[in-house]
Amino acid sequence: MFKRNVKVIVLQTYFRRWLAINVVQNLREEKRLRLAWEAQEELRRKKEKEDRLRREHERRLNAKTQEDFELLYHALELWRQEETERINGTLTGAERKAAFCGLLEQEAQLIASIGRHKLNADEENQQKAILRFLNKCAQPKRWKAYDGKITEMDTQYTLRARELFEIYQSISMNDIPKDERIDVLLTLRRTVKEHECKLTREIVELIDREVDLMSREVKECNLEGLRKRICTLFLQYIKTPKFNPEVARILKVPPDPLKLYKNVNFCHSCENYLPSTEFPVPANSRTIGRCRLCCKLDNEARRRETFLKYKLILENLRKSEADYQDDAKIVFLIQHQDLQYMIENIWGCQSALSACSDLYDLVMVRWDKQREWSPWNTILLTKDEADAHLKLCNLQKAYKAAFIHRIKNKHIRAKNYFAQIPAMTSFLHRSDNQANANEFLIATSIPTATKT
């Protein structure tokens, strides 16, 4: 019996040793996988940051859009501030004044260089916008059948728009043979001669003048101005609903000016009457202020801020809310100026959990995923933290009471700030009623469960 117990103890010792070895090996394997995953995630973040910096550098070198020029002016402002601090810290007296004069001259030269590049980019963007506009007019009618198939149909108006679009593309081409250019001009002449008016007569006169100059072997460079006039007048011809009926449904300015009276506002800065869509209306504004163009010029001249980060956060937020498919509305009322105020003044430009301050890695998600997103039902987190937060089922158990209390205080500040918007009033009352209803359901479900 004693020997049997000794042998059992020996077997148990080896068995437990084997179990311990397996546990240690499993822990080591889990640690290795975890470290490999962390290293891979670190490399991914580093690569994403390098790619983002490279794209921003390329956008500054080849600026084309409004956001690209915002980055350029923002970089110029950062450079000016650095040079100002350097001059104030190293120079005094007359040398300091001379350095500031040189800095002002360099800044003026850089602004002029950016302005020249912007003119070229605007001209290129304008030509692309014209082609997109004409292509949209020439598209056939489309609708989806009950079986999911797309049906296309051309009408007499779309065929007319497509014909005019092809002619415009032909007369806008450069470096084409002389014979082909004459054929295109004659086609254009026959097309506009179908309607008799002052505009068509002027186009015909310009066509005859170019054909005459080409027959006299005039150089191509001397015909550029004349060809631009022909393109401009023909574009005006295309945008006239009388000559191109399909364009009437796309024009921003309707043919009947009486329809504009209800949606036109006056900009006190540029003193122009513009549609209401040209006026940004942030949450803290009580009246309609300056138009978008005046706001952009003021930003380029003085503050030189870049709003690309906030626009990306708002774009990601709207995409995530659209995926819920619960008829969310508040997120589409919020402008990027409102989101900027929330991030800077309420959330302090950092994640609520890790205090990460890289705005490119931050996203806004719902605090309570069962309710619609709103400034008083949101939290600012990194992308990884947001994915983990949305997987939580019970916020009260997942977070400590102090953290939840801090988030609720931020929600109260946001609700007080956005309460002045008339359009937000109904959403405020609805969210309060929904919160009260949830509390009532929680309170009434407990005794019901105990009775059953």
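**Chat about pockets, patches and salt bridges**

Analyst: Let's start with Val10, which counts as partly exposed because its relative accessibility is 38%. Keep in mind that this is a predicted model.

User: Thanks! Which helix is Val10 found in?

Analyst: Val10 sits in helix α1, which covers residues 2-61.

User: And which residues make a nonpolar surface patch with Val10?

Analyst: Val10 shares the patch with Phe2, Val6 and Tyr14, and the patch has an area of about 440 Å².

User: Nice. Changing topic: how many salt bridges does the count come to?

Analyst: The count comes to 37 salt bridges. One of them joins Arg54 to Glu58, with the closest N and O atoms 3.4 Å apart.

User: Where do Arg54 and Glu58 lie?

Analyst: Both are in helix α1, four residues apart, or about one turn of the helix.

User: Are those two buried or exposed?

Analyst: In between, actually. Arg54 is partly exposed because its relative accessible area is 42%, and Glu58 is partly exposed too, at 39% relative accessibility.

User: Which residues are linked with Arg54 and Glu58 in a network?

Analyst: Lys47 and Asp51 are linked with Arg54 and Glu58 in a network of salt bridges.

User: What about Asp154, which side chain does it meet in a salt bridge?

Analyst: Asp154 meets Arg162, at 2.6 Å from N to O. Asp154 is partly exposed at 38% relative accessibility, and Arg162 is also partly exposed, at 24%.

User: And how about Arg216, what does it pair with?

Analyst: The side chain of Arg216 forms a salt bridge with that of Asp212, at 3.4 Å from N to O. Arg216 counts as exposed because its relative accessibility is 59%, and the cut-off for exposed is over 50%. Asp212 is partly exposed, with a relative accessible area of 32%.

User: Okay, pockets now. How much space lies in the largest pocket?

Analyst: The largest pocket holds about 1100 Å³ of space. There are 41 residues lining the largest pocket, and the closest to its centre are Pro280, Arg292, Cys295, His336 and Gln337.

User: Which helices each supply at least two residues of that lining?

Analyst: Helices α2 (66-90), α3 (93-138), α8 (292-303) and α11 (336-346) each supply at least two residues.

User: Last one: how do the lining residues divide into nonpolar, polar and charged?

Analyst: The lining of the largest pocket has 12 nonpolar residues, 14 polar ones and 15 charged ones.

Notes: Residues are numbered from 1 along each chain as its sequence is written. This is a predicted model: local features need pLDDT of at least 70, side-chain atom pairs count only at pLDDT 80 or more; totals for chains, interfaces and linings use all residues. Side-chain values use heavy atoms; hydrogens and water are left out. On a 1 Å grid over the protein atoms alone, a cavity is a set of points where a 1.4 Å probe fits but cannot get out, and a pocket is an open set with protein on both sides within 12 Å along at least five of seven lines; lining residues have an atom within 4 Å of a point. Grid points are joined across faces, edges and corners, and a volume is the space filled by probe spheres set on the points. Ala, Val, Leu, Ile, Met, Phe, Trp, Tyr, Cys and Pro count as nonpolar, Asp, Glu, Lys and Arg as charged, and the others, Gly among them, as polar. Patches are made of residues with over 30% relative accessible area and no salt bridge: like charges are joined within 9 Å, nonpolar side chains (Val, Leu, Ile, Met, Phe, Trp, Tyr) within 5 Å. Accessible areas come from the Shrake-Rupley method with a 1.4 Å probe; for residues, only the protein chains shown count as cover. A salt bridge is a side-chain nitrogen of Lys or Arg within 4 Å of a carboxyl oxygen of Asp or Glu. Buried means under 20% relative accessible area, exposed over 50%, partly exposed in between (1.4 Å probe, protein chains only).
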